[in-house]
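Trainee: Hey, have you got a few minutes to go through a structure with me? I'd like to start with the pockets.

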Amino acid sequence: MIDPQVHTVGKGIHKDIQYPGNGPLPSYRKDTKALFHFRTFVNNDERKLIDDSRAWNEPFELLCGHSFQLDSWEDAIKTMRPGERSLFYCVPSKCFGYTKLSKTLRDMQKKKVEKDAVITKSCCGNQSTGYCDLDKLTGESLIFEFDLLSVEQPGEYNKQVWAMTSEEKYKLVSELREKGNNQFKDKNYDAAEQNYAKAIGTLEHLALKEQPHSSEWNEIEDLKIPLLLNYSQVMIIKKEFATALTHLNTVLNRDPNNVKGIYRRATAHGALWNVDESTSDWQKLAEIDPSQKILASKRIKDLQVAVKQTELKNRQRLKGMF
């Protein structure tokens with residue numbers, strides 16, 4: 001299945017140049033950034049397409065010298081010139097890590113398309129990626145088609161979050177939170193939403209390096225709480241109540257007695273006509289913070305009145321139909 005015209009890049013990787021590219025081979029030292037589109041095929045007679053980065057409307061960025069999870073990709077890219085398109089035939093051992101990478105990229109795309117995207121379970125069982133086609137790739141030889149768009153040397157570009165040191169990431173979180181707070185005060189809610197989301201995403205990058213439930217991991221999770229609360233408040237203002245609930249549930253799963261979280265979740269539930277859930281949250285708020293008893297009682301009564309008025313209107317509407 002490997003064309004005899006191709007040549008070996010490394011043990012288990014064979015290259016077939018489709019278009020030669022331009023200029024000399026770039027220097028691929030540490031922190032060199034390669035920007036490229038890729039397509040992935042199963043290496044058999046059918047050559048089934050698995051992924052195509054063009055369908056996601058953005059190329060892939062690879063930063064050299066950072067122990068990328070798929071070392072065959074970095075080995076392959078280092079043989080390419082800007083403008084070049086080549087196929088790389090990889091034996092199964094050189095494809096290890098691709099399913100994890102593909103799952104990550106697909107999940108990211110789902111989140112971009114829909115804020116509340118639920119990552120579905122695979123039909124192939126609990127121990128799966130969540131994508132049947134990826135679950136079937138174990139032990140398969142793959143073909144990677146790369147179109148190298150550009151190569152940038154260190155200092156010629158701004159670092160992406162994943163390429164930053166931990167210290168740089170913590171500094172970025174602080175800056176994004178401050179920007180978001182200022183934009184919120186100015187009622188620039190769209191900009192505040194973006195900065196809060198970036199800050200939360202940066203903390204998630206940091207958490208990936210830590211053992212779940214370790215002291216370092218717990219510290220990062222605690223730092224996310226005020227950002228999630230701020231983000232959810234923006235969602236409530238924008239009447240995106242379902243999105244607000246998703247993040248408030250995350251807050252309250254970690255900190256069940258968080259007063260702001262309970263207050264905002266009660267508000268979101270009420271707006272969605274989740275009467276029992278909203279009432280329960282208002283009652284809990286009154287128990288935890290006695291200073292909120294009068295307000296909680298009023299909100300419960302307001303909700304009950306609104307429900308009765310809606311029921312009355314519905315009955316009257318039904319009467320008019322017969």
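Mentor: Sure. One term before we start: Ala, Val, Leu, Ile, Met, Phe, Trp, Tyr, Cys and Pro count as nonpolar, Asp, Glu, Lys and Arg as charged, and the others, Gly among them, as polar. Also keep in mind that this is a predicted model.

Trainee: Got it. So what classes of residue make up the lining of the second largest pocket?

Mentor: Its lining has 6 nonpolar, 4 polar and 1 charged residues.

Trainee: And which residues line that second largest pocket?

Mentor: Pro92, Cys95, Phe96, Gly97, Tyr98, Thr99, Leu137, Thr138, Gly139, Glu140 and Leu142. The space in this pocket comes to about 160 Å³.

Trainee: Leu142 caught my eye. What's the bridge partner of Leu142?

Mentor: Leu142, in β7, is bridged with Val42. β3 and β7 run antiparallel, with 10 bridges joining them. Further along, Phe36 stands opposite Leu148 in β7.

Trainee: Why is β7 described as largely enclosed?

Mentor: Because 8 of the 11 residues of β7, which covers residues 142–152, are buried. On top of its bridges to β3, β7 pairs with β6 (residues 84–90) in the antiparallel sense over 6 bridges. One example there is Ser86, whose bridge partner in β7 is Phe146.

Trainee: How many residues of β3 are buried?

Mentor: 9 of its 10, so β3 is mostly covered.

Trainee: Which way does β3 run relative to β5, parallel or antiparallel?

Mentor: Antiparallel, with 4 bridges joining β3 to β5 (residues 60–63). Lys33 has Leu63 as its bridge partner in β5. β3 also pairs with β4 in the antiparallel sense, over 3 bridges, and Thr40 stands opposite Asp51 in β4.

Trainee: What do β3 and β4 form, then?

Mentor: A hairpin, with 6 residues between the two strands. Look at Arg47 in the turn: its phi is positive, about 50°.

Trainee: New topic: where does Asn44 sit?

Mentor: Asn44 is in the loop between β3 (33–42) and β4 (49–52).

Trainee: And why does Asn44 count as partly exposed?

Mentor: Because its relative accessibility is 28%, and partly exposed runs between the 20% and 50% cut-offs.

Trainee: What does the side chain of Asn44 reach?

Mentor: The backbone nitrogen of Glu46, at 3.0 Å.

Trainee: Last one: how far apart are Asn44 and Glu140?

Mentor: In sequence they are 96 residues apart, and in space 9.0 Å, C-alpha to C-alpha. That takes us back to where we began, since Glu140 is one of the residues lining the second largest pocket.

Key: Residues are numbered from 1 along each chain as its sequence is written. This is a predicted model: local features need pLDDT of at least 70, side-chain atom pairs count only at pLDDT 80 or more; totals for chains, interfaces and linings use all residues. Side-chain values use heavy atoms; hydrogens and water are left out. On a 1 Å grid over the protein atoms alone, a cavity is a set of points where a 1.4 Å probe fits but cannot get out, and a pocket is an open set with protein on both sides within 12 Å along at least five of seven lines; lining residues have an atom within 4 Å of a point. Grid points are joined across faces, edges and corners, and a volume is the space filled by probe spheres set on the points. Buried means under 20% relative accessible area, exposed over 50%, partly exposed in between (1.4 Å probe, protein chains only). A polar contact is a pair of N or O atoms within 3.5 Å; within protein, one must be able to donate a hydrogen and the other to accept it, and residues adjacent in sequence count only if both atoms are side-chain atoms. Two strands pair if DSSP finds at least two bridges between them.
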